[in-house]
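Good morning, everyone, and thank you for making time. Please have a look at the structure on the screen, and then I will walk through two of its contacts.

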Amino acid sequence: MNGRVQHAVARLLGYIGLLIVLALVLAPIAFMVAGSLKPDARVLVEAGGLAAFLPAGASLDNYRDVFARVAFPRYLFNSLFISALIVIGGLVVNSLAGYAFARLAWRGRDVLFSLVLVVMIVPLEAIAVPLFYQVTLFGWRDTYLVQILPFVANAFSIYLFYTFFLGLPRELEEAARLDGAGVLRTFLMIILPNSRPVFATVAILTFLTQWGAFMWPLLVTSGEAVRPLPLAIATFYTLPPLQWGDIFAFGVMMVAPILVVFLVFQRWFVRGVATTGIKG
Amino acid sequence: MARVELVRLSKTFADGTRALVDLDLAVDDGEFLVLVGPSGCGKSTALRLLAGLESPDGGEIRIDGEVVTALSPQQRNIAMVFQNYALYPHMSVRANLAFPLRMRKFARAEIARRVQAAAELLELGALLERRPQELSGGQRQRVAMGRAIVREPRVFLMDEPLSNLDARLRVQIRTDIANLQRRLGTTTLYVTHDQVEAMTLGQRVAVLNAGRLQQSGEPQVLYRRPANTFVAGFIGSPGMNTLPARLEPGETGPAVHWSGAVLPLQGGTTVPGRSLGDFSGQKVLLGLRPDALRVATAGEAILSATVQAVEALGHEQLVYLDSPGGSGDTLIARLDTRTRVTAGDTLPLHVDAARLYLFAATGEAIHWGSS
């Protein structure tokens, strides 16, 4: 075999490998979409074969069911509202904190930054009970605030901003200072426009995490007024009848906004993953 | 326009590096001063202290008599051209030039007028809408200059502004910078590690080493009358040879004994405050410019040396010789190309006795040759 043939075979094998991975990733989503369009009785029956992916006899009945059974628009608004505020607040707070850690000299900076690194490895589950106790004392149960405020400042986001800002040439900021810009203006006019990738990365990662939030809202809310989507889909398991078609339809509608967000930010996100060296 | 004074300026970094030690230096209104020295000598630190990007541990910075040591960079009205230009990548050339004016709240019409004027001066007119990454190195350099001049600052600082350019462009822009500075008449501090750049650009050159000022003066003065062996070796291309020797009294006056040769001092100047007699019978350092050596004609050879290597430059050749006397030093001679020289040859050498320099064993100059 000469080199060219070898090269072509290697490429072919590479593509086959990628196709397998792609199929594995897409299969559950295809199953969900197909199932959401089928009569409920056929969803599980056909789940064992290729028919699982074919929406024969498609109808929108399941979607109608979802709207009839729960106040879907209300939950959707709650989820969007909560996630959006966490993302926006998080971008402001964490980028400023990351910048302060990366570039400004102040007393106690290094100690505080080590604390941030420590906090990064503490999962929410570990502090959920004391936090629950605290917000109860504040009288914040059953509000948007209680679902937003604890998640705005985020150690991992701060760390991502920090590493990205460290990589920016210091001379840019020094030039801006000499040109007459103060710290905040330097940040807004020079740093921010050159940091889109990290802003996109943090926005997407935050949004994904918050969109799927389940445990905390379950602890601190009751009723549909302020609850997000994941709690609503859970009611489909707990309140009979258990209808898989409805659950799949709900799932499709819940995943759609994530895809939109990702598509909008994907170009920067990919660059952000490349430049911050993190895995999505 | 401004007079800049650095008074006993000191800076030690957190890691213990003493970047500057009691630097005293004044730059006159409109003067072009070049700070030169090897990397790590503190020259960039001096510039950054003056700009306000670092704060000194001791000493004072004055601009036109006003102490600015505690002022922030934006309050000092100083412009700086960075080694990597530091153009704002997300802004067009026009926006880059306008930025310092916007920050200082100039009227829109005035900003447009000044940007236009700077663009014309630096021939940037056709590039105004481009982004920095679409420009060549030389163009970026000009934009950086433009951003410095638009707001008519009191002082220009330039930190190795040519080091990212190729050799030919460097010579071209070197001339442009000198002309521009003359036209604008703005007090300028220019930092470089390249002594050729320093000699060609500076009205005055200050040589720094290990955080200390070695000497400052007009380029020709540094070349002819170096204050110590460091300046002698740093200024000139290649620098002066300094070789261990002894000063002894001779029949016609003091003579330098070097590797068995006796070189009577002829002419030249004794450094003010020094007396040759004080060094009689002592070890000294003999300084020889590479062009004070030549191949001896019959009968005038003073000593001979073996050739290590030859660099032919076309109109001349640099010949690296084993220093006579087996001290292990290398002696560099600048010879014309009429004599064919190859490595391994032993050359009879003649030394121009009028061009001998003498330094004390500590390095300070004692005697300057005439050159």
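Let me begin with a term we will need: a crossing is called left-handed if the near helix is turned anticlockwise from the far one by less than a right angle, and right-handed if clockwise. Please also keep in mind that this is a predicted model, for which the predictor gives the complex an ipTM of 0.84 and a pTM of 0.81. Chain B has an average pLDDT of 91, and 99% of the residues in that chain score at least 70.

With that in hand, consider chain A, where helix 5, residues 109-120, packs against helix 8, residues 155-167, at an angle of about 125°, the two axes being 8 Å apart. Because oblique covers angles that lie outside the ranges for roughly parallel, roughly perpendicular and roughly antiparallel, with the last of these starting over 145 degrees, helix 5 of chain A is oblique to helix 8 of chain A. The crossing of these two helices of chain A is left-handed. Helix 5 of chain A contributes A:Val116, A:Leu117, A:Val119 and A:Met120 to the contact, while helix 8 of chain A contributes A:Ala155, A:Phe156, A:Ile158 and A:Tyr159. By class, that contact has eight nonpolar residues, with no polar and no charged ones.

Let us turn now to the contact between the chains, which takes 14 residues from chain A and 17 residues from chain B. On the chain B side, helix 2 (73-76), strand 6 (78-81) and helix 3 (93-103) each supply at least two residues. The residues of chain B that touch chain A divide into 13 nonpolar, three polar and one charged.

Methods: Residues are numbered from 1 along each chain as its sequence is written. Chains are lettered from A and ligands numbered from 1 in the order in which they are written. This is a predicted model: local features need pLDDT of at least 70, side-chain atom pairs count only at pLDDT 80 or more; totals for chains, interfaces and linings use all residues. Two residues are in contact if their C-beta atoms, placed from the backbone, lie within 7 Å. Helices (H or I, at least four residues) and strands (E, at least two) are DSSP runs, numbered from the N terminus. Ala, Val, Leu, Ile, Met, Phe, Trp, Tyr, Cys and Pro count as nonpolar, Asp, Glu, Lys and Arg as charged, and the others, Gly among them, as polar. Axes are lines fitted to C-alpha atoms, for helices over the stretch in contact, and angles run from 0 to 180 degrees between N-to-C directions. Angles under 35 degrees count as roughly parallel, over 145 as roughly antiparallel, 65 to 115 as roughly perpendicular and the rest as oblique. pLDDT is the predictor's confidence in each residue, from 0 to 100.
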